[in-house]
Each structure stands twice: as C-alpha cells, then as structure tokens.
Amino acid sequence: MNRPELLNAVNWEMHQELERVFVDLDSDKDVRAIVLTGAGRGFCSGGDQKSLDKVAIPSPTRAGRHLIRNILEVEAPVIAAVNGAAVGLGATLALMCDVIFAHSSARFADTHVTAGVVAGDGGAVIWPLLIGAGARQALSDDGRFHLRRKGGGDGDDQRGGDRPRRPRPRDRICRNAGERSARSDCLDKILGQQDHQAIHPPAARHVDCAGNADLCEPRAPRGRRCLRREAQAFRGEVTMTEPTRTSGAQYADVTIPSLLRTRSVERAGEVAFCQKRNGQWLRTTWQDYASLVCRISAAMKAVGLNRGDRVAIMGDVSQEWLLADMATICSGAVTVGIYFTSSPEEVDYYLQDSGARIAFVGCELQLRAFLSGSQATALEKIIIMDPGWSGASPANNVTTLADFIGGVAVDAGAALAEEAATAKASDIATIGYTSGTTGYPKGAILSHTALLAGAHTNITFCPPLATEPQRVVVHLPMSHTVARAQATTKPLITRVVPYFGETTAEFAATIREVKPTFYMAPPRFYQRNAAQILSKVQSGSARLRQNYKHAMRIAKTVLAHRQAGREANPFLDGLFEVCCEKVFRPLLAEVGFDQLTYPYTASAPMPSEVMTLWQLWGLNLKECYGQTEMVGGNLGQMADWSKAGTVGIPVQDPAWETRVLEDGEMIVRGPGLFSGYWNKPAETQSALRNGWLYTGDVVQVQPDGAFKLVDRKKEIINTSGGKSVSPTQIENELRQSPYISEAAVIGEGKKYLTALIEVDATAGLDWARSRDDQVKEYKDLAKSEIVIRLIEGEVAKANIRLARVEQIKSFRILPEELSPDTGVMTPTRKKRRKPLMERYKSLIDTLYDDSEEQLIKDQLSPASKSHEVSP
C-alpha cells in the first residue's frame, strides 16, 4: 500500500467542511504552509504572511487527493495546523509535514499546552502521535513559532524557547533528534507538577478497583503514560531498578517464607492483592497479608500439623485460596491443589494419593464433593473458606475459616523469621497434579527453588515485570501452575499485583473492570475473546465496519513491515497509532484488553491466525512453552511482534539448558524442575533421567533458532496404511477458523482421518441465528444444514494447508460443548482423548465405512462356518 492509498484509508473522521486556519512563521524562512481546518473554531494569524501559500480544503471527500497534489510535490518546508478534533485527516497531514501545530478549540475542557501542541479531547490522541512521527520544529533560529487566536492580539509564544532545559530521561516515544525539544517540554510540564487532572482528564483516569488512584496506573494514551512514569522516576518518586536476581540459579538458597518476610517489612503499606466482594474491591497490604498468613499457620500447627504434612485446597479462585496456600508453605507443610470442578471420585484420589491431613474447601459445592467420598473422615479438619457460609456443620471435622482462626494472635515478623531460618530451599512446597490427559493425574513434587526459579523465567521473557507495576487478573484454577505463579510466587519477585473477582464464572467482567496490564492464559481464552470482538464488529454500524476495514488494511501493512525486520517507519507507525486509538482500542476495551501491555499465551499451541489477528489489533501477543514439571517455561518469544507458529527460543539464562534428541523429543535441565512424581517411582524414572526432564513433546528447530511444537510423542496416530501423523498439528490448522473452537482428529488404525468439531459458541451461534430460524441453542448447530456447509468449507480450507495423508475426509459437529464436567476435557482445556472417544463412539462410528472389515468378520463368525460345505 503506497502513501496516497494510506492517506485515503485513514480519512474517515472528517464530517464537516473545514474552516480556514492561518499559521504565522518567522518571515525569514522559505516556508510553504498548507492550511488545514478542523471541526470547530479555527485560528487566524496576523503579521507577515507574504511568504506563505494558503491552501483551503473545500470538501473532506476530496481532502486526500487535494493534500497529495499540494504536499507530495512541494520541496520547500511544510507546516500544518491541525485541529485536535480532526484526528484522522489531521494526523495524516501532520505526518507529511516538517513542522506541526495542533490545537483543540477553546470549547474543550482541560486543555493544556505541550510542545506547541494544545491537547484536549481529540487532541490528546494526536500529540503523542505527532511527536512520535518525527515532527520537526526547528524552522526558525530560536526553534520557536508564533500563533495568535482570532482576535487575540499579539502572538503568544507557546513554547517558551528561552526556558532552561531539564535533564531528559530516555523515552521510547522519542525517535530522532528533531523530537527532543518537544519531548522535553512535555517532561517540563509534568516535572513541574502540573495538575494531575489536567494531564489525565476525569474521563481518561483509571482508579484502582477499591477506588484508589494510587494503586493502579492512570489510564492514558500509552506515550503519555510512559512520559509520566519517567517524570516520576526523575523526581525520585518511582525507583526503576533491575531485579536483584538475574538467574534462576540464584534461588538455590531462597525460600518463600523469607521473601514474604522481606516484602512485609520493605513494602508493608503497599498493596499485595485485591479481592472483589459484594461489588466492592478490598485491598490487602503486604503487612496485613503476612499477618493473616501467620495466623492461619499458627491455627494449623495448633491442631497438630507438622513439617512435611500435606494440606489439600479445593475452591474457586479467591484470596482465601492464596492465604491457605501461603499459610501451608509458611508452616513447613505441603500444599496439594485440587481443581474445584473435580468429582467426588477424583477428590478421593487426590486425598488418598497425597495423604492430606487438613483440607480447605471453597464453598458448599466443594464440601459436598469431599463428604461424598470415602476419605473425608480421615481428615483432621475441613475448613470452609467462603466468608459468607452460614450453614450448620455437617460433620465434626468441618469448620469455617473464621472459627478455625478464632482469637489466634501471633507476631508475624517473629513467626516468619523463625520459618525463614528453618526452611530449606530444597524442601517440598507443593504437589502440583498434572491435568491427567492419559490417566490418573500425577503429582509433581515442587520445592521452594522450583517454584521461584520457575516463576523467574517469566522475568526472562518479560523484564518489565520486575521493574514496572502490573495488574493481573487471576481466573485460571488456583491449582493450575500458571495461576499459582500469578497469585503466589510472582508477586514475591516482581511488581505484579493479582486481582481476584467475585467468582471465576465472572472472570470476563473482572477483566473488563480491572484492565490487566499483564496476562497469560491458554489460547482458548484469546480465541473466545477474538470471536467476541469480531461479533461486535459484524453486528456494529456501517460506519464501524467501514472504519474497521480501513484500519485492518493499514494494520496488515504495518505488521508485515515489522515482522520483515525493516527499520521503523514513522509514517506507517503514526497511521497505525491512529487506527489503534480510533478503532482497535475501543474494540479491545470490549474484553478489557485496551491497557494490556504484556500479553502471553501458553499451555497449548496457539492457532497462527488467532495470534496474528491480535497483533493486527495492536496487541503484542507472544507465545511461550512450559509444563507443570518445570513450573515456568524454557521457551519464549522474545522479539516484539513475533511471527505466529513457534513457541520462541530457549530462555536467556545459563542455568537452563534445552536440547532436542534425534527423534525430535525436547529435553530440559534447569533449577525450576520438579523432583519427581509423588508415589510414582516408575513414572519419575521415565521423565527424569540424569537431571534432564524428558518433556514428551516433539519439536522442530527453525532456521532462526525458534522452536516449533509438532506433537506429543505419545499422541502420534498410526493409520492402517502405516502412516504416522500428528493429530495436534491437524487440529491447530482446523482451529484457525473463527467458527471452530476445538477439534479432535480420529484415525488410529483407520484408513483415513476424520474429526469431531466443536463449533465456536459465540461466532457460530451469531452466524447461524442470522441465517437459520431453527437455530436457538448450541445443540441445534449440529443439525443445521447451513452450519454443516459452513464447517465443510472451513475444513476444506485447512485441508489445502495439509499433506494428503493428513487431510480430513469427513467430520461431525458435536451436539454439545466440550467440558471438564463430562470428563472429556481437563480444567485447562486439554483434551482427554480416551474418554472423548468413548463418549462419542456412536458419532465416530458414523464417520467410517467398515463394510470391508465387516465382510471379513462375517466370514470368520460361527454363523458363516455353519454354512461351510463338507468335503
């Protein structure tokens, strides 16, 4: 796309005829002035204008062509006056000029001057864009230009060119020397402690979830937020330091109680986490956090809990889960996390396998799961964490958390100091049960070092976690390794503040409210959110769809430019920022991602098209790889705007090693590895050999050193024709479709491959309801002829990208969504293939013509033998 096309593409915001604006520059300069006007009042200049050509834009519909004719062929310096409300066209013109002056009309409130750019309302969007685009303002010897409002008398110097400069911290918005004076003036305004309300108007401020503006960073255009942070650092209000530990190996002698003790002293009054209750956000400081932990710990010790004993925790995502977890670890005991959706039979397995003595349960539902099993009576205490629970105790060993703690008083500082001196980094801190895709879950034994060194790998992927305040919404089950790291260990070694919503079921609303700045989740969550945004666009107004179409054209050009490794293009970057501000960020706000700066995905392969779509929307999404057995991750995409399709390169930490065996299996060695599987010596010996973790994942190393996941070593399908294929790769190709949320490839011992398809509940239902009156709910999709044809086309698209032996010959749409409740999925959305095949056996049988096999079977059956002719 060339520059004129981009100009026309971005010109969608002008709705009124433009008024004439005149700009007065020093007359000794040979300047060609292009005069722009915006919606609202204009400017009029006085003084000598003989050296300037004034060009009026008579009609916005012809503005793009008019600008091209009058700017692209001009050799003399060009100046633009841009009204702040005319964002699209104004920004486009400004990107082509040598000098830029933007203003908002006096009718806008909270207007302030920054580097010759008066920002209010729409102007607040323009000014970082203009500075970042490479605006040059040195047309006059003193680096100043003059402007008068209509009827305003003598010129008013907007910059104050004689003002002494302050030292200028480095800022990522500043891209060349021509921008420095503009950027410095902006810092001068902030360093001079200009009213915060003027910098961040009320409509654009973000208050933390408890109503406190000091906890969360203000919501503001990203460039201005960066400048504000640097200004605070310059004043000494914020300390920007590198993490004290730069390698996972440095956690070899560090324990979790020692880190909690340090935080409770050094950051006593800072917020440790936030919990929403009854519509209100409750903040807990590090000092209060430590006090609560020590009280629960003391209560557990009072009922006989010893070092090394196991404590089971089953419940919804909440601060109480975190407190029980930390209290267990700070007692020298071992946490056993149980997924809150587990059945009574599964709960029995966890309790029996771990030998837990005490259990915490979230609510009545989890309590029933415990009491319905055979292991509940062996527990010394079952503690209900739900603060609103008021039922009668159904058993002698059942109590509430409040009653369990009672009047226990403890000196938190002394208690943590004692535990820090007693605990060893090699002590078992938790048993993390794997998802159990191929059988009973295995309990991975994780020490203090494993939890901390594993969490530290995230800092290797994303260094700002250690230096910048971050908000993260915890919504995955707390027994999941990712959620445990977000809630328990990351806050101890980074500046991450976890947020817990009312319930897990309301996590989407929590994300929209909190607006996380850091987020890591399996691909399924990104895919569902993408479908929600696309549905919003498709059901939106004609204007929204047109704006989105234009913005996507520009975004594709910018992303291709970035991923090709080319030098920064201020023109393209500026246009893309306009697209983000006017189109993409409002759409991202629909799912709470409009302030998400560090998005990551892990736990399963990310469909390439889903990842690319988020990048086009301005989300710098990256993929990484990890397992429960290594807590964190050994692979991650480091470069911004990484191409989809790989899980990155090995972590840049000499304490970690990654190798690939001849058969393609990846093996890993490092400080975050587990110690073995609880009560499973044979499985431990298979997974851990000479200090190396055999991951079971087959990978391919790309020419650039990035790793591409191929499949699980044990999940290769062998067809009856002797071909070995990877079902995961094929399923990833199928999930590229926005209408397919999950797929299960079938073909073991069969002549060809088939698939069971889960249609995306959001995109699929929206599409079908507008075309088929018979579609009312999800189960109707499997019977809808137009939906079947739709999926048939999506499967055909995937087949084009697959080798012939990998192509899907037939499929069936599942009559229900895949769910952990039916036993076919893990709580982290991984398929349990064997239960899945058993549940849908009758549906699978319809996919294959077994006439040949049946003919052979018939010939060998007793009935056929009775018809044999005697010799």
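**Figure 1. A lysine charge over a tyrosine ring: Lys-750 and Tyr-848.** Welcome to the first close-up of this predicted model. Here the charged end of Lys-750 is placed over the ring of Tyr-848, at 4.9 Å from the ring's centre. A second pairing of this kind, worth a look alongside, involves an arginine: Arg-689 lies over the face of Tyr-694, and the distance to the ring centre is 3.8 Å.

**Figure 2. The open sheet β31-β32-β33 and the helix packed on it.** This view shows an open sheet of 3 strands, ordered β31-β32-β33, whose pairing is mixed. At its edges are β31 (740-746) and β33 (808-813), each of which pairs on one side only. From one strand to the next, the twist averages 30°. Strand β32, covering residues 753-759, pairs with β33 in the parallel sense, over 5 bridges. To find your bearings, look for Ala-755, whose bridge partner in β33 is Phe-811. Helix α26 (residues 785-800) packs on the sheet and touches β31, β32 and β33. The direction of α26 makes about 145° with that of β33.

**Figure 3. The open sheet that runs from β14 to β16.** Now for a sheet of 7 strands, also open and with mixed pairing. Reading across, the order is β14-β13-β12-β10-β11-β15-β16. The edge strands, β14 (398-400) and β16 (443-447), each pair on one side only. Here the twist averages 25° from one strand to the next. Inside the sheet, β12 (residues 358-361) and β13 (residues 381-384) pair in the parallel sense over 4 bridges. A handy marker for this pairing is Phe-360, which stands opposite Ile-383 in β13. Helix α15 (residues 448-461) packs on the sheet, where it touches β15 (428-433) and β16. Between the directions of α15 and β16 the angle is about 85°.

**Figure 4. Tyr-526 and Phe-593, a tilted aromatic pair.** A pair of aromatic rings is described by how far apart the centres are and by the angle of the planes. For Tyr-526 and Phe-593, the centres are 6.1 Å apart and the planes make an angle of 50°, a tilted arrangement. Tyr-526 belongs to helix α19 (residues 523-538), while Phe-593 sits in the loop between α21 (570-589) and β20 (598-601), so the pair ties together parts that are 67 residues apart in sequence. Are these two residues, Tyr-526 and Phe-593, buried or exposed? Both of them are buried. If you widen the view, you will meet one aromatic cluster formed by Tyr-519, Tyr-526, Phe-593, Trp-614 and Trp-617. Across the structure, the count of aromatic pairs comes to 20.

**Figure 5. Two loop residues with positive phi: Asn-278 and Val-631.** Most residues other than glycine have a negative phi. Asn-278, which is not a glycine, has a positive phi near 50°. You will find Asn-278 in the loop between β8 (271-277) and β9 (280-285). With a relative accessible area of 76%, Asn-278 is exposed. Val-631 is likewise no glycine and has a positive phi, about 60°. The loop that holds Val-631 lies between β21 (622-625) and β22 (635-636). Is Val-631 buried or exposed? Its relative accessible area is 11%, so Val-631 counts as buried.

**Figure 6. Pro-344 and its surroundings in helix α11.** Pro-344 is placed in helix α11, which covers residues 344-354. Its relative accessibility is 27%, so Pro-344 counts as partly exposed. Which residues is Pro-344 in contact with, leaving aside its neighbours within four places in sequence? The answer is Ala-369 and Ser-372. Ser-374 is also worth locating in this view: Pro-344 and Ser-374 are 30 residues apart in sequence, and their C-alpha atoms are 8.8 Å apart in space.

**Figure 7. The whole chain, to place the close-ups.** The chain has 871 residues, and buried residues make up 57% of them. Its secondary structure comes to 30 helices and 33 strands. Among contacts between residues at least 6 apart in sequence, 65% join residues at least 24 apart. The accessible surface comes to about 36,500 Å², with 48% of that belonging to carbon and sulfur atoms.

How values were computed
Residues are numbered from 1 along each chain as its sequence is written. This is a predicted model: local features need pLDDT of at least 70, side-chain atom pairs count only at pLDDT 80 or more; totals for chains, interfaces and linings use all residues. Side-chain values use heavy atoms; hydrogens and water are left out. Helices (H or I, at least four residues) and strands (E, at least two) are DSSP runs, numbered from the N terminus. Buried means under 20% relative accessible area, exposed over 50%, partly exposed in between (1.4 Å probe, protein chains only). Contact means heavy atoms within 4.5 Å. Accessible areas come from the Shrake-Rupley method with a 1.4 Å probe; for residues, only the protein chains shown count as cover. Two strands pair if DSSP finds at least two bridges between them. Axes are lines fitted to C-alpha atoms, for helices over the stretch in contact, and angles run from 0 to 180 degrees between N-to-C directions. Rings of Phe, Tyr and Trp (its six-membered ring) pair if their centres lie within 6.5 Å; planes under 30 degrees apart count as stacked, over 60 as edge-to-face and the rest as tilted. A charge sits over a ring if NZ of Lys or CZ of Arg is within 6 Å of the ring centre and within 35 degrees of the ring normal.
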